[in-house]
Amino acid sequence: MAVMAAKAAGLTPLGGAETVFADNAAIPVWSKPYVAAAYDAGLISGRGGNRFASVDMLTRAEAIVILLRVIDTSNQ
């Protein structure tokens, strides 16, 4: 979802970037530049314990928040 949100918002992936999340090692390497860009743009904030939780299911509420943030970013 973070990759799709970053692409939909027209964000440039942060090349070679590591993420700020505690579970950074569990985030797929190919998605880290997009995750970092989405975090920097304020589209995502992670879960409790500063985890990205890349293998967990996204809730409907989390998806809506991300979509609204993408829309807000696009309208600026």
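Here are some exercises with worked solutions on a predicted model.

**Exercise 1. Classify the ring pairs.**
Find how many aromatic pairs there are and decide whether each is stacked, tilted or edge-to-face.

*Solution.*
Step 1. Start with the rule: two rings pair if their centres lie within 6.5 Å. By this rule there are two aromatic pairs.

Step 2. Take Phe21 and Tyr39. Their ring centres are 5.5 Å apart and their planes meet at 75°. Planes over 60 degrees apart count as edge-to-face, so the pair of Phe21 and Tyr39 is edge-to-face.

Step 3. Ask where these two residues sit. Phe21 belongs to the loop between α1 (2-8) and α2 (32-40), while Tyr39 is in helix α2. With their positions 18 residues apart, the pair links distant parts of the chain.

Step 4. Now take Phe21 with Phe52. Here the centres are 5.3 Å apart and the planes are at 45°. That angle is neither under 30 degrees nor over 60, so the pair of Phe21 and Phe52 is tilted.

Step 5. Place this pair on the chain too. Phe21 is in the loop between α1 and α2, and Phe52 is in the loop between α2 and α3 (60-74), so the pair ties together parts that are 31 residues apart in sequence.

Step 6. Put the pairs together: Phe21, Tyr39 and Phe52 are linked into a cluster by ring pairs.

**Exercise 2. Sort the cluster by accessibility.**
Decide for Phe21, Tyr39 and Phe52 whether each is buried, partly exposed or exposed.

*Solution.*
Step 1. Recall the cut-offs: buried means under 20% relative accessible area, and exposed means over 50%.

Step 2. Phe21 has a relative accessible area of 4%, so Phe21 is buried.

Step 3. Phe52 has a value of 18%, so Phe52 also counts as buried.

Step 4. Tyr39 has a value of 33%, which makes Tyr39 partly exposed.

**Exercise 3. Describe the largest pocket.**
Work out which residues line the largest pocket and which helices they come from.

*Solution.*
Step 1. Begin with size: the largest pocket has a volume of about 460 Å³.

Step 2. Look at the lining. There are 21 residues, and the closest to the pocket's centre are Met1, Ala2, Phe52, Leu58 and Ile66. Phe52 is also a member of the ring cluster.

Step 3. Sort the lining by type: 13 residues are nonpolar, four are polar and four are charged.

Step 4. Check the helices. At least two lining residues come from each of α1 and α3. The largest share, four residues, is supplied by α3.

Step 5. Zoom in on Leu58, which lies in the loop between α2 and α3. Its relative accessible area is 38%, so Leu58 is partly exposed. Leaving out residues up to four places away in sequence, Leu58 touches Met1, Arg47, Ala63 and Ile66.

**Exercise 4. Follow helix α2 and its surroundings.**
Find how many residues of α2 are buried and what they pack against.

*Solution.*
Step 1. Count: seven of the nine residues of α2 are buried, so this helix is mostly covered.

Step 2. Name them: the buried residues of α2 are Lys32, Pro33, Tyr34, Val35, Ala36, Ala37 and Ala38.

Step 3. Find the partner: these buried residues pack against α1.

Step 4. Step back to Ser31, in the loop between α1 and α2. Ser31 is buried at 5% relative accessible area. A polar atom of the Ser31 side chain lies 2.9 Å from the backbone oxygen of Pro28.

Step 5. Go to the other end: α2 is followed by Gly42, which has a positive phi near 85°.

**Exercise 5. Compare two positive phi angles.**
Decide whether Asn50 and Ala53 are buried or partly exposed, and say what their phi angles are.

*Solution.*
Step 1. Keep the general rule in mind: most residues other than glycine have a negative phi.

Step 2. Asn50 is not a glycine, yet its phi is positive, about 55°. Ala53, also a residue other than glycine, has a positive phi near 55°.

Step 3. Locate them: Asn50 is in the loop between α2 and α3, and Ala53 is in the loop between α2 and α3.

Step 4. Check accessibility. Asn50 has 36% and counts as partly exposed, whereas Ala53 has 9% and counts as buried.

Terms used. Residues numbered from 1 in each chain as written. Predicted model: local features only at pLDDT ≥ 70, side-chain atom pairs only at ≥ 80, totals over all residues. Heavy atoms only, no water. Phe/Tyr/Trp six-rings, centres within 6.5 Å; stacked < 30°, edge-to-face > 60°. Buried < 20%, exposed > 50% of the residue type's maximum accessible area, 1.4 Å probe, protein only. 1 Å grid on protein atoms, 1.4 Å probe; cavity = no way out; pocket = protein on both sides within 12 Å on 5 of 7 lines; lining within 4 Å. Points joined across faces, edges and corners; volume = space filled by probe spheres on them. Nonpolar A, V, L, I, M, F, W, Y, C, P; charged D, E, K, R; others polar. Contact = heavy atoms within 4.5 Å. Polar contact = N/O pair within 3.5 Å; in protein donor to acceptor, adjacent residues only side chain to side chain.
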